[in-house]
Structures are given as C-alpha cells and as structure tokens.
Amino acid sequence: MIDDMMLRNLSSAPQRSYLHAVTKFSRHFGRSPDRLGLEDVRAFQVYLVSQGIF
C-alpha cells in the first residue's frame, strides 16, 4: 500500500491518514486488511454511520 501511495506521489500527510484509516478498519474486524473484502468495507461503513463518524 505504501509503495502504491508513493507511486501516486502522495505526500506524507495523506499517506499517514490512509494508513490510520486502514488500521482502524483492520482492528475493527480483528483481521489483516488483505483478508477483508467488499462486504467488510460496507459493514464498516454502516458501523461508522451508526456511530456518527461517517
């Protein structure tokens, strides 16, 4: 992921933000992000909305 962000020429601030978001997503499910799919993304979005975060 970091390599992809560097290839897209993202500065360090957006990179940190994206990594922070992926970390929160991964911790929510207790699994590595590479083991999560689109249904998990949707479930996490629903969770964020229910918490008033998203």
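Buried means under 20% relative accessible area, exposed means over 50%, and partly exposed lies in between (1.4 Å probe, protein chains only). The exercises below concern a predicted model, in which local features need pLDDT of at least 70 and side-chain atom pairs count only at pLDDT 80 or more, while totals for chains, interfaces and linings use all residues. Residues are numbered from 1 along each chain as its sequence is written, and side-chain values use heavy atoms, with hydrogens and water left out.

**Exercise 1. Determine which residues form the salt bridge and whether each is buried or exposed.**

Step 1. A salt bridge requires a side-chain nitrogen of Lys or Arg within 4 Å of a carboxyl oxygen of Asp or Glu. The structure holds one such bridge.

Step 2. The partners are D40 and R31, whose closest N and O atoms are 3.2 Å apart.

Step 3. D40 has a relative accessible area of 16%, so D40 is buried. R31 has a value of 31% and is therefore partly exposed.

**Exercise 2. Describe the surroundings of S26 and H28.**

Step 1. Helices are DSSP runs (H or I, at least four residues), numbered from the N terminus. H28 belongs to helix α2, residues 12-29, and S26 is also found in α2.

Step 2. S26 is buried at 13% relative accessibility, whereas H28 is partly exposed at 36%.

Step 3. Contact means heavy atoms within 4.5 Å. Neighbours within four places in sequence being set aside, S26 is in contact with R31, S32, P33 and L36. With residues up to four places away not counted, H28 touches F44 and Y47.

Step 4. From H28 to D40 the C-alpha distance is 9.9 Å, and the two residues are 12 apart in sequence.

**Exercise 3. Classify the ring pairs F25 with F29 and F44 with Y47.**

Step 1. Rings of Phe, Tyr and Trp (its six-membered ring) pair if their centres lie within 6.5 Å; planes under 30 degrees apart count as stacked, over 60 as edge-to-face and the rest as tilted. By this rule there are four aromatic pairs.

Step 2. For F25 and F29, the ring centres are 5.6 Å apart and the planes stand at 80°, so the pair is edge-to-face. Both residues lie in helix α2, four residues apart, about one turn of the helix. F25 is buried at 12% relative accessible area, while F29 is partly exposed at 24%.

Step 3. For F44 and Y47, the centres are 6.1 Å apart and the planes stand at 25°, so the pair is stacked. These two residues lie in helix α3, three residues apart, about one turn of the helix. F44 is buried at 10% relative accessibility, and Y47 is partly exposed at 33%.

Step 4. Ring pairs link F25, F29, F44 and Y47 into a cluster.

**Exercise 4. State which of the elements has the lowest mean pLDDT and which the highest.**

Step 1. The term pLDDT denotes the predictor's confidence in each residue, from 0 to 100. The mean for the protein is 95, and 100% of its residues reach 70 or more.

Step 2. Among the elements, helix α1 (residues 2-7) has the lowest mean, 94, and α3 the highest, 97.
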